[in-house]
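Reader: I am new to this structure, and I would like a close look at one part of it rather than a tour of the whole. Please choose the part and take me through it slowly.

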Amino acid sequence: MRVDSIHIGGKAQNLTVGGRPAPRLGRRALAPTLILAMLFLSSGCGEKATFTPPPPPQVTVSQPVTQPVTDYLEFTGNTQAINTVQLKARVEGYLEKVFFKDGDRVKKGQLLFLIQQNTYEAKLKQAEAEILSQKAKLLHAQTEYARFTKLVAQKAAAQTDVDNWLYQRDAAQAAVMSAEAQRDLAQLNLSYTKVTSPFDGRIGRRLKDPGNLVGAGETTLLADVDQIDPLYVYFTINERDLLDVTQDTKESVGAIIRKDIPLYLGLANEKDFPHKGYLDFASISLNPTTGTLTLRGVFPNPKGMMLPGLFARLRVPVTQKPSALLVPTVAIGYDQLGPYLLAVDDKNVVQRRGVELGTEVKDLTVITEGLKEQEWVITNGLLMAIPGKQVTPVKAAAPNSEPPQPPTPGGQLKKAAP
């Protein structure tokens, strides 16, 4: 069919089709008629259109990595000084000198404060003089007792004189012992005028300045000293994890602690757990309010980089698995049924695999159930992979994994179920 001409006038349109006049149409009816005519003509002139479906989307697949893996339990805790001492004035006197700068590292026995000494030096001399006086009395009593004993034997003196000098001798011996004790106390008080560090550590700021009267009717606080090498880290384990550990090992908490189980620590700005220590203490009872047991680890801190009160992340090695399946963590998805993986079968059809997750090892995650070693898991192109639909898989090299880890020294624990 051929449209020869179209004439459009003011009120009516003239359409000639194949040389014959077409019926007169209104303006509103003209547009649909023209569209139908054009479609009719175009369909008659060309070839029939055919739909070609797009190829299956391309995805990257890889098989799980098999290697030994150590499971871990992870906790959070806080660092604490292994020893903390408040230095106080034990004797009364004016504070004469301070021998440190605030915040210094101090050594055991290092002189830190000096309290007025002249009073206690005089008291020591007085006590020593009293000893000499009492020894002189003792010597005189011993001499007189010996002399009157001989006179009584010669019947030249009364027995009462002998008894009197015996009493004088014994009393003088007691007086000498009392004077020696007073000398020891005077020496002790004199030593208290020198305040020294009880251990290697770090001292805080001084709380009293030189010239102040200290120890006057009270034990004046002078400064605090912390021993931070090694350093304690306190954390808690919940009741469920604790019961699982003791049930699997068949040992009490005290027996487990004595095995010096290693701990690994990371601070808030550290990515991994670079500090290694050991577990050395567990509380004797659980906190009934929180249902947790307090544990303590010990970590070397020779440079003093870690301070008391820091937030700490802790990792405790548990069961050593000789052969575990690991997949890239990015390949794991989550929905209302839980974690899953998308695998490709022998017909390149996507299959959903519900899995159970284990420990994370760098950028890999252990799959404990739901996946076989020979299966191909989609690791890239997950948005284009739809379960039940075909894909074009491209095999990739196995992902990098962590080297096998040695067994836990001193015994092994079992990871608690989530």
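**Rings and their neighbours**

Author: R315 lies over the face of Y72, at 4.5 Å from the ring centre, where such a placement requires NZ of Lys or CZ of Arg within 6 Å of the ring centre and within 35 degrees of the ring normal. In the same way, R296 sits over the face of Y232, 4.0 Å from the centre of that ring. The model is a predicted one, in which local features need pLDDT of at least 70 and side-chain atom pairs count only at pLDDT 80 or more, while totals for chains, interfaces and linings use all residues. Residues are numbered from 1 along each chain as its sequence is written, and side-chain values use heavy atoms, with hydrogens and water left out.

Turning from charges to rings, the whole structure holds 3 aromatic pairs (Phe, Tyr or Trp rings, the last by its six-membered ring, with centres within 6.5 Å; stacked under 30 degrees between planes, edge-to-face over 60, otherwise tilted). One of them joins F75 and F235, a tilted pair with 5.2 Å from centre to centre and 35 degrees between the planes. It links distant parts of the chain, since F75 belongs to strand β5 and F235 to strand β12, 160 residues apart (strands are DSSP E runs of at least two residues, helices H or I runs of at least four, numbered from the N terminus). Both F75 and F235 are buried, that is, under 20% relative accessible area with a 1.4 Å probe, protein chains only.

Another pair is that of F100 and F113, whose ring centres are 5.2 Å apart and whose planes meet at 80 degrees, so the pair is edge-to-face. F100 lies in the loop between β6 and β7, and F113 in strand β8, 13 residues apart; both F100 and F113 are buried.

How values were computed:
Buried means under 20% relative accessible area, exposed over 50%, partly exposed in between (1.4 Å probe, protein chains only).
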